[in-house]
Amino acid sequence: MNTMEAMLASLPDQYRWAADLTSPSLRAATGALVCGMGGSGIAGDVAGAVAAGAPVFVRKGYGIPGWAERLRPLVVAVSYSGNTEETLSGVEAADRAGLAIAAVSSGGALSRLARDHGWPLVEVPGGLQPRAAFGYLTGAVMRILESAGLVEETGLAEAATVTDELLGADLDGPGRHLADDLAEGLAGRIALIVGSGPAAIAAYRWKTQINENAKSPAFTTTIPETDHNEIVGWSTLGSAIRRTVGVVALRDTHEPPRVGARFEPTLGRLSEGASLVGEVWAQGEHPLARIASLCVIGDMVSLRLARNAAVDPVPVEAIEVLKRELGET
């Protein structure tokens, strides 16, 4: 196993770690604002999809939105390194506004701020690439929201079981064979990942994992929104797009009937321009388990694409160069 594969193999245990976590004590909240970027920010996206009965918003940028001072949500700052510039600016703005803050990090400035101010803090194990700490970060956010009364059932135990089954021993489970087939179909192509509802969150994770692990461009689109604009854009360039774009559909057994009815004709329209590579169905019952099942297949696809292209999935040199240019640590 290479380093990133070993990190992926730890994913079920990450969910179990979060399930067994002693959650910090929090006052009841009426809503949450999760501040985070990249592999940390997607934990907020997942939480927002799971906490269907409560408003959970995600801030991927500097500061906090203007409405936050009026509605006063619980601010959950998520930064694996603890030093993410945008997230720290959101924490500073939330603190100035007197909002309740909780933090998730493996250390760095965010952990120091939380200790200095007495904010609830979940410190996750360090030493991973942020994108490889998906289970830790997502699980920690879920437990914080549970403690604040915004999530009733985290679904972490089922997420661990589902991902364990798909990964199998030594990453040789049923998910690998599906991932290998999809990676073969996507070879040399730009991936377009299609999803709806919770599956759209997984589609975004596929995109970013292919970006970072396989060092390849990838994009997402969502149903039904794409039916009102994007399908028109795939109707003109024909063979040029068909040679360069591969479509993967992420499906959910719990998707609304009208959404399900849209998939086949929508994919038909998309495949008039792009090549339809395959379809992946979510497994499990809890929304988190279903998202996790789709995400882990995407993780495996991205690593197979990297291996097939003789690319090291670990380094993200373009990001590090940009940070240096911006003077970030």
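Biologist: Let's start with Leu171: does this residue count as buried or exposed, and at what relative accessibility?

Modeller: Buried means under 20% relative accessible area, exposed over 50%, and partly exposed in between, using a 1.4 Å probe and protein chains only. By that rule Leu171 counts as buried, because its relative accessibility is 10%.

Biologist: Good to know. What kind of model is this?

Modeller: Residues are numbered from 1 along each chain as its sequence is written, and side-chain values use heavy atoms, with hydrogens and water left out. Local features need pLDDT of at least 70, side-chain atom pairs count only at pLDDT 80 or more, totals for chains, interfaces and linings use all residues, and the model itself is predicted.

Biologist: Where is Leu171 found, and what is its phi?

Modeller: Helices (H or I, at least four residues) and strands (E, at least two) are DSSP runs, numbered from the N terminus. Leu171 is placed in the loop between α8 and α9. This residue is not a glycine, yet its phi is positive, near 55°.

Biologist: Asp170 is found in that loop too; does Asp170 count as buried or exposed?

Modeller: Asp170 also takes a positive phi, near 55°, in a residue other than glycine. Its relative accessibility is 63%, so Asp170 counts as exposed.

Biologist: At what angle do α9 and α14 pack, and which word describes it?

Modeller: The axes of α9 (residues 174-186) and α14 are 8 Å apart and make an angle of about 55°; axes are lines fitted to C-alpha atoms, for helices over the stretch in contact, with angles from 0 to 180 degrees between N-to-C directions. Angles under 35 degrees count as roughly parallel, over 145 as roughly antiparallel, 65 to 115 as roughly perpendicular and the rest as oblique. So α9 and α14, at about 55°, are oblique.

Biologist: And α10 with α14: at what angle do their axes cross, and what is the handedness?

Modeller: The axes of α10 (residues 198-213) and α14 (residues 287-308) come within 8 Å and cross at roughly 20°. That makes α10 roughly parallel to α14. A crossing is left-handed if the near helix is turned anticlockwise from the far one by less than a right angle, and right-handed if clockwise; α10 passes α14 in a crossing that is right-handed.

Biologist: How many of the residues of α7 are buried?

Modeller: Helix α7 (residues 134-147) reaches 20 Å from its first C-alpha to its last, close to the 20 Å expected at 1.5 Å a residue, where the expected span is 1.5 Å times one less than the number of residues. The buried residues include Phe134, Tyr136, Met142 and Arg143. The helix is largely enclosed by the rest of the structure, because the buried residues number twelve of the 14.

Biologist: Which residue just after α6 takes a positive phi?

Modeller: In α6 (residues 108-117) the buried residues are Ala109, Leu110, Ser111 and Ala114. Their cover includes β3 (74-79), α5 (85-96), β4 (101-105) and β5 (121-123). Just after α6, a positive phi of about 75° is taken by Gly118.

Biologist: Last one: which residues does the cis peptide bond join?

Modeller: Look in the loop between β7 (218-222) and α11 (230-233), where Pro224 lies. Omega is about 15° at this cis bond, which joins Ile223 and Pro224.

Notes
Contact = heavy atoms within 4.5 Å.
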